[in-house]
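Dear colleague,

I am passing on the structure below, and I would be glad if you could look it over before reading my notes. What I found in it follows underneath.

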Amino acid sequence: MTEGKHGDGQMAIGMIGEMRRQTIKRFQAPIDSLRLSISVSSFSSTLRRSPIDYDGDLAILHCLPPKQSYTIIDQLHLHQNASMAEHNLSTMTKPLNFYISSLQTCISVDHLHQLHAQILNSYFSNSVFLLTRLAHAYLKFGCPTVGQRFIISIIKNPPLFLWNETIKCYARKGCYRESIDLYYDMLRSGYKPNAFTFTFVLPACAGLKSVADGRRVHDDVLLFGCECNEFVITALIDLYGKCGELGVARQLFDEMPVKKTASCNALMAGLVLADKFDGALSLFNEMNNLGIKGDTMTMVSVLQSCASLGALQQGRWAHDHIIRTRMGINLYLGAALINMYARCGSIEEARQVFDKTPRKDIVTWTAIICGYGMHGLAHFSESLFLQMISNGLRPDAVTFVGVLTGFSHNGLVEKGWCYFHKMRDEFGVKPALEHYSCMVDMLGRAGQLKQAEELIRKMYVKPDSKIWGGLLNACKIHKNFKMAERVVPEILKLDPTNAGWHVLMANIYATSGKWDQVAKMRRNMKEKKLEKQPGWSLIEVTGQIHTFLAFDQSHKMSKEIYKYLEDIKEKMRVEGYVPELDVVFEKVDEETKEEMLFYHSERLAIAFGILSTSNGDVLRVMKNLRVCVDCHNVIKFISRIAYREIVVRDAKRFHHFKDGVCSCGDYW
């Protein structure tokens, strides 16, 4: 090479190096300006490159939008042969095993970019085997777009393994649509999927909750003869369970010749997701009968089911099972135990689990903070929140829901506003629907209806029917039917088929004596064929769940239950009980109203509990609706007369009744 040519070459290298530095500098700008400032053509202006240029171009791939990174990868591989003559022979004579070993021990994406550049300058730059290993290394570092580019334009006839791994990488990164579309591209390219392919693409269908894609892939499972593979069937059960197709999921499960823990977990998770908690617990019993050992995932689903049913005794049995089987309690299982005890009404046991947890992360702290919040123990909730921060952990969105819930149940409006602003300003947590719901509920309970409405109308996110419903419920408590008339249309635009809103508005009219409007609301319900959700209450006795409806006489002990309530009524009258007839929203005489009140579902459940348990046993009742004022008063009387502690979990919060007093302080 002559001196002039050598000088020109050095100048070209210097120019390219400067161009690379300027490009990297531009990548530090915001993404919008980045998309405008990047000129892909700058990377194709010189086809003859030095090794350092490959390294530089590859180092910025992760900053580029996908289409531009594709272009650069294609150009680097397309033009690598043109520059090989100028490369130092020492970079080209390393053996294949060197690159394979280097890829296996690669510790970072930056290191991988360097290896990629070296491979481009080697004799093995066209080796399908080595390029497949290189692409797989990118996938291990979570770069599916780069892996896909190797498949589409760099490796000729890439192996099925690489297709599978790229589909899996997309799915695990939450890019479900891309994972599914790549699967379809694979089929169009003439590849025959195997069992691994299906176990990677089916979770993507489940993540997207796309029954249509799932059924199409299911057809391919049958077409390519993988319907007997237990891992594929388990993935199908998981898919249909998460998509709400429990009938199909159960059929696939029942047809499995050999059932294992993974398939049971998949079906159980689907049952929990569909609120089929009894079914989930029945499946767990079925597993035990079949001798199938559960794992931590199994027990999380079991504990979630117990929590939702308020089944404390079954939850305790599940906890004992975890201990007996020496199952390691990881962070998520520990949090599930805390949540179970808290939601089943035993916040003391929840705290014991928390205190015994050796290593606590944000999930553990949040579980106990939310537990105290739902029990209305705001001082404990706040104290733990501050302790968590002092331990160096940052609260997340769920943590703040727990704290705000506690403040709401205690009417601590000023503290609620303080933490609502602190959440955003100090911890960078953007308010979501759940936080606004807590604030609206808090303001509504405190009688600050105007402020609650203003907050809703100024929200950063679009309010849903539950947030408007919280304000509507406050209108009922404070008998503000004029505001209610403004709120109802907002709710019905979002949730027109929910009979509960019509019933609530009719009750608001009833409290104001507007019976003509009550009749109109009920007539609208009838015309639209909307049915009111029945109120029910659950109580667990000796591990069995008993369900009661208002005026329920289907229970085998109904005769004894009704007699007990008649007897306790007389004792209550002696103690000074006066029925709250205003909570009966029917235009009937007072005697009928009193009768309608006294056989509400929670009273039947409590009576059954007293008759079926030993003196001194704590009764725990779960109710799907908000407890009415009269029932609240009655339970206070019963707790004193029967010398029982009674814990009631209604749709809003926990009430702990003891010696004639409720923990809510009559504020709920």
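As you look around helix α12, please keep in mind that this is a predicted model. Just after α12 comes Gly190, whose phi is positive, near 90°. The helix itself covers residues 176–188, and because its 13 residues at 1.5 Å a residue should span 18 Å, the 19 Å between its end C-alpha atoms agrees with that expectation. Within α12, the residues Ser179, Ile180, Leu182, Tyr183, Tyr184 and Met186 are buried, and the buried residues of this helix pack against four other helices, namely α10 (144–154), α11 (160–172), α13 (195–208) and α14 (211–223).

Turning to the chain as a whole, you will find 36 helices and 6 strands. Of the 668 residues in the chain, 51% are buried, while the chain exposes about 32,200 Å², of which carbon and sulfur atoms supply 54%. If one takes the contacts in the chain with a separation of 6 or more, residues 24 or more positions apart account for 65% of them.

The strands deserve a separate paragraph. An open sheet of 6 strands has the order β2-β1-β3-β4-β5-β6, and its pairing is mixed. At the edges stand β2 (544–549) and β6 (661–662), and each has a single partner strand, so one side of each is left without a neighbour in the sheet. Elsewhere in the sheet, β3 (residues 619–623) and β4 (residues 646–649) pair in the parallel sense over 4 bridges, and Met622 stands opposite Arg649 in β4. Helix α20 (residues 312–324) lies across β1 (536–541), β2 and β3, and runs at about 45° to β1.

Finally, a word on the cysteines, since you may wonder how many disulfides the structure holds. The structure holds 0 disulfides. In the case of Cys243, the closest cysteine sulfur is that of Cys205, and because the two sulfur atoms are 8.0 Å apart, they are too far from each other for a bond; a disulfide would need them within 2.5 Å. Cys370 is likewise in no disulfide, with the nearest cysteine sulfur, that of Cys438, 9.1 Å away. Are Cys243 and Cys370 buried or exposed? Cys243 counts as buried because its relative accessibility is 18%, and Cys370, with a relative accessible area of 18%, is buried as well, given that the cut-off for buried is under 20%.

With best regards

Note on methods. Residues numbered from 1 in each chain as written. Predicted model: local features only at pLDDT ≥ 70, side-chain atom pairs only at ≥ 80, totals over all residues. Heavy atoms only, no water. Helix = DSSP H or I, 4+ residues; strand = E, 2+ residues; numbered from the N terminus. Expected span 1.5 Å × (residues − 1). Buried < 20%, exposed > 50% of the residue type's maximum accessible area, 1.4 Å probe, protein only. Contact = heavy atoms within 4.5 Å. Areas by Shrake-Rupley, 256 points an atom, 1.4 Å probe, with all protein chains shown as cover. Pairing = 2+ DSSP bridges. Axes fitted to C-alpha atoms, helices over the stretch in contact; angles between N-to-C directions.
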